Structures are given as structure tokens and as C-alpha cells.
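Reader: Hey, got a minute to walk me through this model? I'd like to start with how the helices pack.

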Amino acid sequence: MMTIKLFKKNSMKYTNINFNKKTILITGGAGFIGSNLAFYFQNFFPSSKIVIFDCFRSEKTFSNGNLQSFGHYKNLIGFKGDIICGNLNNKSDLLLLKDYKFDFIFHHAAISDTRVYDQEVIMQTNVNSFYDILNIAKDNDAALIYASSAATYGNLSSPQTVGQESPENPYGFSKYMMDQVAYQFGNENPNMTIIGLKFFNVYGPREYFKAKTSSMVIQLGHQILDGNAPKLFESSDQILRDFIYIEDVIQANIKACNPKINGVFNVGTGISRSFQDIADILQNELESNLGTEYFPNPLKGYQAHTQANIDSSKKYLDFMPKYSLEEGIKDYLAEIKRLHGSDNK
């Protein structure tokens, strides 16, 4: 089976930290961002000890029909580290981590579906378990980098700025509460490194198994490869998002290991682009001229505009996005073509 390739000659280490001989925990490591992190460390720091904790995909779905977990073994083909199949909500599963002494923890496991409205399960999975992860980091004297989300901003006007949040769904609220817990825990433990990263619209390799919740980049790319006009909401040229390529997200995670201060930081490009831009760039790269099929937007409370204020990310993490939307899609295109027509189950 062909394995996914991301870290090519244009990839960078992004840090002076030597992760070799370090033990690294990645929760949600079979998912999109987590699996890319795992291969980053494996490729650049082959003597590092990488431990993945993930519940992996099951056949369970939420009431909206989407899968409860997106972790997939195919994201980890070629991985050489340790894998623990476990659930954040299960204390006995978390006890399996006691056998390790971690230096760095990347906490990406979560219910991340913004259309799930079961508040109890989201708060239990995302917030309750975060206390356990924080205490594991404290007990191990490990730096903790965790996934927050741009969903914490809700429908606030752009640019979105850390400290000005107004979540509009249970997922966004759970991430907002994780940020508040992190601030408090950091104040109580000032010697710890605790960094939250608010990811905007991430796209790139290893997202395919997110199925319906994968980015519009791969969904529209496959529609075009099917010979169909890409389908967009009406007025999609006026629906703007801050789209960020996965390799820039990896950069942010790595630079967060050596921050100038603790805190929560936006991870976006700082530039808004439209969904129409995505469709047009893909058609240009794929040399197609299929036009665009528009349909009414059935979603209420749909965000019209996101744009990350990344001033503090640049200042305190030395984060500088390198990929424009055109460059990211071009870099991703071979993988989009490879996966076209393949099974994402």
C-alpha cells in the first residue's frame, strides 16, 4: 500500500530543540494533525520515542450521522513508534500512560465535530479529560501543547483575536473552557509550559479519513476529478475563511514547544480567502473548466468571515505561515489525485 508523503525537501525542522532521545505523547495521533506530527518526529528525529494514544475509528456515529472518531490506521502506515488504543474518558486507559516518562505532550484528541449538539459527551470528552492530561504533563514535567479552535470565536467579526471569544456551539464552548482551564492551571504551575493553539481551517494530507468533515479542498478536488462542477453555497465568493496548510500547522506545534510566554495563540495565515477561490484554484491546477454549481445554504448561523489575528503568534512563538492557498493546494494536489476514488472507510 502506498504511504502518504508530506515532509519533502521543502520541509523544515522549525526548531533548535533536539527531540532525539525525548519521549513524546500525541493524543489523537491517528487523526489528521496528530498523525502528521508523528511522522514529523519520526522523519526528523528518528531517535525520539513517539507514543500515540487514540481510540481509532469505530462504527459508532453521532445523531447527525457523522463518525464519533476519525482516527484511522491508514494514517499511520509506516509509523514505528508505540500505539495505545484508548479512550480519553476511560481512566483505566489513561493509566496505560503511566509506563512512560514524557518530555512533550501534544493533545489533539477531542470530539471536533461542530455539528454535534450532545453537550454532555462533548464536555466530558473535551473538558473533563483535559484535567487528566494537564496532570499527566505536570507529573512528567512535560511541555503541553493542546488543540484549541477558531470555533471559540463563533460569529464575531474579523479579525478574530485571542481573548475576544463568543462560541456558538458546544464544541466551540468546550474549547473555550479548555483555554480557561489552561490559563488557571498555568497560573497555579508557573514553571510548566502550556500552550493552546486555535486552529483555523486546516487542510492537507491525512485528512481524508475525516470523511464528511474533511476540508472543502479535498472534497471539491474529488468532485472535479469525477468530472463534475464543484458544488458551493450561493454567494460563496463572499464566504471567507482563513485556510491554513497542514505543514504550517506542524510548524506552529513545533515552535510552541519553546514559547516566549505561555498562552493561547491563533494558527492561521492571517489572510481570508473564499470557497470560490478554492474551486477556481483547483480547476486551474487540474486544467478543467467545469464552472460552478450553486445551491442555497441550509445552515443557520453560518460564519461569513474568519481571519486570524496572528500578531501574538508571530511575537511569542516565532510563527510565520509559509504557504498561501495557491501554494498549499499545489503541494497537496498529488495526494488529492492519489486518493481519488479510494475507500475512506
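Reader: So how do helix 5 and helix 7 sit, oblique to each other or roughly parallel?

Author: This is a predicted model, by the way. Helix 5 (residues 216–225) and helix 7 (residues 275–285) pack at an angle of about 45°, which falls between the roughly parallel and roughly perpendicular ranges (under 35 and 65 to 115 degrees), so the two are oblique to each other.

Reader: And how far apart are their axes?

Author: The axes of helix 5 and helix 7 are 10 Å apart.

Reader: Is that crossing left-handed or right-handed?

Author: Helix 5 and helix 7 make a right-handed crossing.

Reader: Which residues meet there?

Author: From helix 5 you have M216, V217, L220, G221 and I224. On the helix 7 side they meet F275, I278, A279, L282 and Q283.

Reader: OK, switching to the sheet. What's the strand order?

Author: It's an open sheet of seven strands, ordered 3-2-1-4-5-6-11, with parallel pairing. Strand 3 (82–85) and strand 11 (263–267) are at the edges; each has a single partner strand, so one side of each has no neighbour in the sheet. From one strand to the next, the twist averages 20°.

Reader: What packs on it?

Author: Helix 6 (residues 246–255) does, touching strand 4, strand 5, strand 6 (194–199) and strand 11. The direction of helix 6 makes about 165° with that of strand 6.

Reader: How many bridges join strand 4 to strand 5?

Author: Four, between residues 104–107 and residues 143–149, and the two strands run parallel. I105 stands opposite L144 in strand 5.

Reader: Y146 is in strand 5 too, right where I'm looking. Buried or exposed?

Author: Buried: Y146 has a relative accessible area of 0%. Beyond its neighbours within four places in sequence, Y146 is in contact with a list of residues including H107, F130, M178, D179 and V264. I194, I195, G196 and L197 are also among those contacts.

Reader: How far is Y146 from I194, C-alpha to C-alpha?

Author: Those C-alpha atoms are separated by 7.9 Å, with the two residues 48 apart along the chain.

Reader: Last thing, cysteines. How many disulfides?

Author: Zero.

Reader: Why does C55 have no bond with C85?

Author: Because the C55 sulfur is 6.9 Å from the one in C85, its closest cysteine sulfur, and that's too far for a bond. The cut-off for a disulfide is within 2.5 Å.

Reader: And how accessible are C55 and C257?

Author: C55 is partly exposed at 35% relative accessible area, while C257 counts as buried at 8%.

Key. Residues numbered from 1 in each chain as written. Predicted model: local features only at pLDDT ≥ 70, side-chain atom pairs only at ≥ 80, totals over all residues. Heavy atoms only, no water. Buried < 20%, exposed > 50% of the residue type's maximum accessible area, 1.4 Å probe, protein only. Pairing = 2+ DSSP bridges. Axes fitted to C-alpha atoms, helices over the stretch in contact; angles between N-to-C directions. Contact = heavy atoms within 4.5 Å. Parallel < 35°, antiparallel > 145°, perpendicular 65-115°, else oblique. Left-handed = near helix turned anticlockwise from the far one by under 90°.
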